[in-house]
Amino acid sequence: MTRLTHAKITTIIAALMVMALTAPAFAISAKEIIKRAEEATRGDTSIAVYEITVKSRRWTRTMKMKSYESRAADKSMAEIYAPKKDAGNKFLLKGDNMWHYVPKLQKTIKIAPSMMLQSWMGSDFTNDDIVNMSSIVDDYNHTLLGTETIDGHECYKVQLKPKENAAVVWGKIIYYARTKDYLPVRQEFYNEHGVMKKVMTCSDFQVMDGRTIPTRYKMNTVRKKDQYTVMDINKIRFNVSIPSYIFTIQYLKRK
Amino acid sequence: MQNYKIIIKLAWRNIWRNKRRTILTLLTIVVGCAMIILMNALAKGGHDQMIEDAVALNTGHIQIHEKGFWDSQTIDYAFKPNEELISTLEGHEAVAGFSRRVHAGVLVSLEDVSKGAMVEGVEPGRERSVTNLHQKILPGGRFLKDDDSTHVVMGEILAKNLKVKEGDRISIISQGFDGSIAAEYLTIVGIFKSGNPEYDRTLMMIPLSQAMKTFSMMGYINSLVIRLDDPGQMDEVIAACKNVTEEYPYPLEVMGWETLMPELVQFIVMDNVGAWIFDFILFMVVAFGILNTIQMSVFERTREFGVMLSIGTQPSQVVAIVLAETMFISLVGILIGSIIGIGGSIYLHFNPIDYSAYAEEIAVWGVNTTIFPATVTVANVVVTGLITFVLAVLFSIFPARRAARLDPVEAIRTL
């Protein structure tokens, strides 16, 4: 009896020691990492000028876009202003809803939920990528898988699994954020069968408006090897106040 | 030599000795043969008509695209047909016409109602020699003309879903060939009822010249649709096209209707299997009918065969007599049956079975063919005749052998 108890205690202690050795003692929770990454790259609000390069099988196209985002209010508005052909196309995002103003038709079109997976402006980003970015904190359960070195940066590897009732298209996202400042380096998007469909890499870390941020976001569709989309941040200002009329359908129709 | 003459003479006389039985046997073969020929002719004619309808409606006999277009059905896959390709098609005597097309998936909307649809940019003039959709425009509208611009014809169900009519203005939005936003207002000039539910629900057509502008095609097209005068020459035309397309800087695909519409091919194959089973049953009915009557005639003549055998007729000669009888009857039966079968087929070719009253019920199955003519082929008649003949001979071997193996003494005593 006593001998048996003794053996048991030894086993438990051994098991505890093994667990203590294998479980990484991180000082920060997985959710916190994602939260800080979002906060660091997007602020509460931001006004930015992007240059978007779409490389497809046949052609390469560059567009310029100005975007107003209020992460806190879950709203954003983006306007294409170059090239001339696409100029005036505006996109309004409010929560899960998306509207597209088409200057040629002088008409606002509501992007139906069924169109969320379609390509946004012919790029590798889907409408959903553009809209649902903000839900990355709230719609997923986060697990810290460890650390890994990606592109020379030491990164936390965080797994994001959608919460039960979340309206999310991905089955899983693997998010790599730098350990030193939580800035995103790489995001892998998996479908419900665990197959990697898209990869976004963040690079060209620079100081803009007093913050270090990645200024180049490159999205690759795994199946389509000869195409990608790059979003370069040319200018960005954080935490400026944006008048609320910007985030209205009426504003979309203004020249 | 002498023997053969006697055998034939005896067989001939036997046939006419019991006329009623002979006529019954003959009728079995005539009806069987005629039915099989007619059924096969109806199947062949129906299938040809279904292919013709599908080809004439929108698909054409042959399509040329940039490789990958047919699988993806996206505007990205496009090519520029070169001079050589065009002159090859213009110069080929089997080609009835060809038309360039642009394909784009679009969001079409009228005020708040939006639907997904497929836009085909077509050459209105040329399209008339390739497809017959221009004949399916409902009264009150018209097909596209060469000088149309932002005009559109659309399927009946799509129009109903959007609650639009001729003269209304709808908007389309899509992605252009260069990835830019393609948007346009279009005026409806016609609404078509093709009979094919998919086209009626999703298809819209605009002039190619407008599609080139709207979708920023830069001279590229998505498909070249070819209609043939003689579908039998499809392989030659495909080969001629491939000769040119192999020289292209990027790979093209030249596809015949069988690859464009595999579901139609599958349907025909399945239908043929059903027809063969039906043919088999008919053949068996004929074969056992012959077996039965020949068997009876042999039984009735047991005494006669006994006499023949006892005066020295060889058993092989007895077999030959019985077989010769069957051959006579079946040859005549096949001849008459074929004439009736061919006659019936020709009648149904010019007076086809018309199911157009049930068009809507048929359309549920995705078939828009409502008129089923018969088409009789030489192969059909020859094969049917040969199989009937072989079966008749095979199935009369049993009774013939029975007659040859009779014990003469026993047989003579039989009444």
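Author: Two strands count as paired if DSSP finds at least two bridges between them. The model here is predicted, and the strands of chain B are a good place to begin.

Reader: How many bridges join strand β2 of chain B to strand β3 of chain B, and which way do the strands run?

Author: Strand β2 (residues 95–110) and strand β3 (residues 113–122) of chain B run antiparallel and are joined by 10 bridges. Individual partners can be read off: B:Ser109 has B:Ser114 as its bridge partner in β3(B), and B:Ala104 stands opposite B:Val119 in β3(B).

Reader: What sits between β2(B) and β3(B) in the hairpin?

Author: Two residues lie between the strands, and B:Glu111 in this hairpin takes a positive phi near 50°.

Reader: Which other strands does β2(B) pair with?

Author: Strand β8 (residues 223–228) of chain B is joined to β2(B) by six bridges, running antiparallel. There, B:Ser99 has B:Val225 as its bridge partner in β8(B). Strand β5 (residues 169–175) of chain B is also antiparallel to β2(B), with three bridges. B:Ser109, whose partner in β3(B) is B:Ser114, has B:Ser171 as its bridge partner in β5(B).

Reader: Does the direction change elsewhere, or rather: do β3(B) and strand β7 of chain B run parallel or antiparallel?

Author: They run parallel: five bridges join β3(B) to strand β7 (residues 203–207) of chain B. B:Val122 stands opposite B:Pro207 in β7(B).

Reader: Next, torsions. Which residues other than glycine have a positive phi in the loops?

Author: Most residues other than glycine have a negative phi, and most peptide bonds are trans. One of the exceptions is A:Asn239, with phi near 50°. A:Asn239 is found in the loop between β13 (228–238) and α4 (249–252) of chain A. Another is B:Lys163, with a positive phi of about 60°, in the loop between α6 (156–162) and β5 of chain B.

Reader: Why is B:Lys163 called exposed, and why is A:Asn239 called partly exposed?

Author: The reason is the count of C-beta neighbours. A residue is exposed with 12 or fewer other C-beta atoms within 10 Å, buried with 20 or more, and partly exposed in between. B:Lys163 has 10 such atoms, so B:Lys163 is exposed. A:Asn239 has 13 C-beta neighbours inside 10 Å and therefore counts as partly exposed.

Reader: Where is a cis peptide bond found?

Author: A cis peptide bond joins A:Ala82 and A:Pro83, with omega about 0°. A:Pro83 is placed in the loop between β3 (75–82) and β4 (90–94) of chain A.

Reader: Now the cores. Which residues have the most contacts inside the largest nonpolar core?

Author: In soluble globular proteins, nonpolar side chains tend to be buried together. The largest nonpolar core here has 93 residues, and those with the most contacts inside it are A:Ala177, B:Met154, B:Met204 and B:Ile226. Strand β6 (residues 181–192) of chain B gives the most to this core, with seven residues. Apart from this core lies another, of 40 residues, among them B:Phe305, B:Val322, B:Ala392 and B:Phe395.

Reader: What does B:Met204 touch, leaving out residues up to four places away in sequence?

Author: On that basis B:Met204 touches residues including B:Val108, B:Met118, B:Val119, B:Met154 and B:Leu158.

Reader: B:Phe305 belongs to the other core. Which residues of its helix, α12 of chain B, are buried?

Author: Helix α12 (residues 302–310) of chain B has B:Phe305, B:Gly306, B:Met308 and B:Leu309 as its buried residues. They cover an arc of only 165° around the axis, which means that they lie on the same side of α12(B). An α-helix has 3.6 residues a turn, so residues three or four places apart point the same way.

Reader: What covers that side, and what follows the helix?

Author: The cover of the buried residues of α12(B) includes α13 (315–350), α15 (378–404) and α16 (408–413) of chain B. B:Gly312 follows α12(B), with a positive phi near 105°.

Reader: How is chain B divided into domains?

Author: The domain assignment gives domain 1 (2–55 + 264–413) and domain 2 (68–250). The centres of the two domains, taken over C-alpha atoms, are 51 Å apart.

Reader: Last, how many residues of chain A are in contact with chain B?

Author: 18 residues of chain A are in contact with 12 residues of chain B. The chain A side of this contact divides into seven nonpolar, four polar and seven charged residues.

Terms used:
Residues numbered from 1 in each chain as written. Chains lettered and ligands numbered in written order. Predicted model: local features only at pLDDT ≥ 70, side-chain atom pairs only at ≥ 80, totals over all residues. Contact = placed C-beta atoms within 7 Å. Nonpolar A, V, L, I, M, F, W, Y, C, P; charged D, E, K, R; others polar. Helix = DSSP H or I, 4+ residues; strand = E, 2+ residues; numbered from the N terminus. Arc of directions from axis to C-beta. Core = buried A, V, L, I, M, F, W, Y, C linked by C-beta atoms within 7 Å. Domains from an automatic or database assignment.
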